[in-house]
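The following questions and answers ask how certain descriptions of a model are justified. Each answer sets a value against the rule that applies to it.

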Amino acid sequence: MKPPPFDYHAPRSVGEALETLAGAGEHGKVLAGGQSLIPMLNMRLAAPGHLVDINRLAELDTLDVEPGGVRVGALARHARVERSEEVAAAQPLLRQALRLVAHPVIRNRGTVVGSLVHADPAAELPAVLALLGGSVRLARPGAVRDVPAAGFFTGLLESAAEPGELAVSAFFPLLPPRSGTAFREVARRHGDYALAGVAALVGLDDDLRITAARVACVSVGPAPVLVDVTEACGHRPPASADWASAARAVQERTAPEADIHATADYRRHLTGVLAQQALRDAAREALDA
Ligand SMILES: Cc1cc2nc3c(=O)[nH]c(=O)nc-3n(C[C@H](O)[C@H](O)[C@H](O)COP(=O)(O)OP(=O)(O)OC[C@H]3O[C@@H](n4cnc5c(N)ncnc54)[C@H](O)[C@@H]3O)c2cc1C
């Protein structure tokens with residue numbers, strides 16, 4: 001199928017993009033990597049009257065390790081973020097997650113910020129932003145706002161980005177000392193969207209006892225499901241932590257739905273297994289940190 005007709009705009013500056021988006025209002029859509037939007041247009045699941053292509057805006061093609069975290073500009077592709085050694089050293093969860101996103105050709109075009117705005121509950125990056133407590137910077141002419149992850153994912157394929165707004169960057173905070181992260185998922189084929197997935201973060205104190213443990217789950221609700229399991233793990237060294245009880249606490253918080261790929265029970269079961277694995281991996285990383 002072919003997309004419905006639309007007016008194509010190729011602004012030469014962020015300012016021009018913001019004015020064009022503001023003028024288009026609810027009839028406008030940003031075109032970034034196009035890896036989700038173009039299939040949606042071709043399947044006629046979206047029919048915007050105006051497409052605002054941001055691919056010429058070099059101002060948005062940025063990737064910076066700042067004192068408190070990693071700031072990813074709206075045109076930074078998955079592959080660039082995944083391959084950056086500086087980013088991997090500062091915030092390892094980004095690379096851990098990006099390796100699981102689709103296939104290399106899709107990662108060469110798709111953008112991290114586009115994935116966040118698209119807000120697919122099966123996508124890895126919304127879970128990363130939620131787990132780390134990051135934020136997304138949204139702009140319209142004369143106004144910029146930072147929306148924390150906790151308020152950004154508002155529903156199935158719904159984010160806080162309003163019509164006329166451009167997401168200019170996303171911020172992923174650094175980990176505290178003695179922390180580790182991990183991402184585990186199960187997909188039917190490598191590169192497919194996950195049937196279930198879990199991002200985990202574990203923090204230790206100076207005596208190497210667990211002081212923080214939380215997970216963000218994908219594909220088990222309309223948005224990333226964030227669960228704090230610090231209590232369930234117990235204030236113990238990782239070797240004697242109650243990972244099974246933590247996994248049960250995670251399962252209780254999920255509300256998966258059945259579809260053609262998996263039953264709800266199977267998704268809940270997978271989430272428990274993956275939560276245990278990811279928490280153990282994250283704890284191992286924290287011990288090495
Ligand atoms: C076969 C296939 C498999 C895939 N598998 C996975 C997977 O396993 N995991 C995963 O996470 N993703 C997967 N994806 C999606 C991929 O990661 C996309 O790149 C990503 O979801 C969207 O990024 P994009 O830059 O391509 O955005 P686009 O497709 O250009 O846009 C997506 C949506 O976000 C909006 N948008 C994009 N950027 C901005 C912005 N800066 N400001 C405001 N709105 C914006 C667009 O208007 C549109 O509504 C897959 C895609 C394909 C085709």
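Q: Against which elements do the buried residues of α12 pack?
A: In this predicted model, the buried residues of α12 pack against the strands β11 (179-186), β12 (196-204) and β13 (210-218), and against α11. Among these buried residues are Arg267, Leu270, Leu274, Ala278 and Asp281.

Q: Why are α11 and α12 called oblique to each other?
A: The axes of α11 (residues 243-253) and α12 (residues 264-288) cross at roughly 135°. Angles over 145 degrees count as roughly antiparallel, and 65 to 115 as roughly perpendicular. The value of roughly 135° belongs to neither class, and the two helices are therefore oblique. Their axes come within 8 Å, and the crossing is right-handed.

Q: What makes the contact between α11 and α12, by class?
A: The contact has eight nonpolar, five polar and two charged residues. Contributors from α11 include Trp243, Ala246 and Val250, and those from α12 include Arg268, Gly272 and Leu279.

Q: How do you know that the span of α12 is close to the expected one?
A: Helix α12 has 25 residues, and at 1.5 Å a residue the expected span is 36 Å. From the first C-alpha to the last, α12 reaches 36 Å, which is close to that expectation.

Q: Why is lysine 29 called partly exposed?
A: Lysine 29, which lies in strand β2 (residues 28-31), has a relative accessible area of 38%. Buried means under 20% and exposed means over 50%; 38% falls in between, so lysine 29 is partly exposed.

Note on methods. Residues are numbered from 1 along each chain as its sequence is written. This is a predicted model: local features need pLDDT of at least 70, side-chain atom pairs count only at pLDDT 80 or more; totals for chains, interfaces and linings use all residues. Side-chain values use heavy atoms; hydrogens and water are left out. Axes are lines fitted to C-alpha atoms, for helices over the stretch in contact, and angles run from 0 to 180 degrees between N-to-C directions. Helices (H or I, at least four residues) and strands (E, at least two) are DSSP runs, numbered from the N terminus. Angles under 35 degrees count as roughly parallel, over 145 as roughly antiparallel, 65 to 115 as roughly perpendicular and the rest as oblique. A crossing is left-handed if the near helix is turned anticlockwise from the far one by less than a right angle, and right-handed if clockwise. Contact means heavy atoms within 4.5 Å. Ala, Val, Leu, Ile, Met, Phe, Trp, Tyr, Cys and Pro count as nonpolar, Asp, Glu, Lys and Arg as charged, and the others, Gly among them, as polar. The expected span of a helix is 1.5 Å times one less than its number of residues. Buried means under 20% relative accessible area, exposed over 50%, partly exposed in between (1.4 Å probe, protein chains only).
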